[in-house]
Amino acid sequence: MEADVQVSQLEQALLQQAATLARELLRNAESTRASMLAESAEKLKLAGEHEVLAAKVEAERLVRRQAQAAETRLAAELDRLRWALTESVLSEVRTAFQHLVQDETRYLGVLEAWLATAAQALPPGDLVAEVRPEDEQRLAPQWKEMISRAALGRTVTLASHGHSSEGGIRVRLADNRAQYDQTVEARLTRQADELARVAMERLFASAPDLGTLIHG
């Protein structure tokens with residue numbers, strides 16, 4: 001009888017130990033599960049943040065590329081407009097000068113004024129005034145009178161430069177040390193750079209600031 005009691009007590013003790021061990025194992029399993037879930041959630045959170053950051057970086061890169069492409073297109077369009085505007089103005093200047101050349105009285109008056117300016121601007125020395133062959137024929141009969149008014153005290157020889165030109169006059173020192181070029185072609189060349197600069201200033205004054213697209 002006593003043996004049966006001892007066996008029963010031993011069984012109870014073993015059952016209690018098993019139950020205790022089972023509870024401990026369950027607690028450990030729950031703890032491990034919670035830890036794994038927390039770790040997984042953190043990984044998912046980090047992955048989501050990484051994806052959001054990557055998407056933001058890619059979006060910013062795309063905006064920069066689009067803005068740079070827009071700037072390139074705008075620069076090309078502005079350059080085309082500058083060229084077109086400059087050519088349009090120069091064409092109008094050329095046309096106006098052609099009309100001037102047809103008005104002999106006004107044209108010869110302009111040539112005389114340019115001759116006077118050259119005579120004052122150029123250093124001392126004999127001068128050569130070069131014009132188109134047809135203008136040489138126009139000026140020859142009244143050349144002495146024109147010199148007396150425009151370049152008094154200076155020796156100025158009238159000559160034809162022989163180059164293709166729409167008009168004007170080029171006055172140089174006989175030894176070629178200096179010249180004052182008021183031919184139509186020389187004037188247009190000088191004006192072209194200034195016209196291009198003014199045209200770009202006007203065009204850029206109304207152009208949008210694309211920098212805001214990149215940094216905004």
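In this predicted model, His-161 sits in a loop, the one that links β2 (156-160) with β3 (168-173). A loop residue could end up either way, so is His-161 buried or exposed? With a relative accessibility of just 11%, His-161 comes out as buried, because the cut-off for buried is under 20%. The side chain of His-161 also has a polar atom 3.0 Å from the backbone nitrogen of His-163. Leaving aside residues up to four places away in sequence, the residues that His-161 touches are Glu-130, Val-131, Arg-132 and Arg-170.

Next come the helices, starting with α2. This helix takes in residues 104-121, 18 residues in total. From first C-alpha to last, α2 reaches 25 Å, which is close to the 26 Å expected at 1.5 Å a residue. Quite a list of α2 residues is buried, including Tyr-107, Leu-108, Leu-111, Trp-114 and Leu-115. Glu-112 is on that buried list too, along with Ala-116, Ala-118 and Ala-119.

Helix α4 covers residues 143-150, and its buried residues are Trp-143, Met-146, Ile-147 and Ala-150. How are these buried residues arranged around the axis of α4? Looking down that axis, they fall within an arc of 100 degrees, so they line one face of the helix. Lys-144 and Arg-149, on the other side of α4, are exposed. As for what lies over the buried residues of α4, the cover includes two helices, α2 and α3 (133-139), as well as the strands β1 (127-131) and β2.

How values were computed: Residues numbered from 1 in each chain as written. Predicted model: local features only at pLDDT ≥ 70, side-chain atom pairs only at ≥ 80, totals over all residues. Heavy atoms only, no water. Helix = DSSP H or I, 4+ residues; strand = E, 2+ residues; numbered from the N terminus. Buried < 20%, exposed > 50% of the residue type's maximum accessible area, 1.4 Å probe, protein only. Polar contact = N/O pair within 3.5 Å; in protein donor to acceptor, adjacent residues only side chain to side chain. Contact = heavy atoms within 4.5 Å. Expected span 1.5 Å × (residues − 1). Arc of directions from axis to C-beta.
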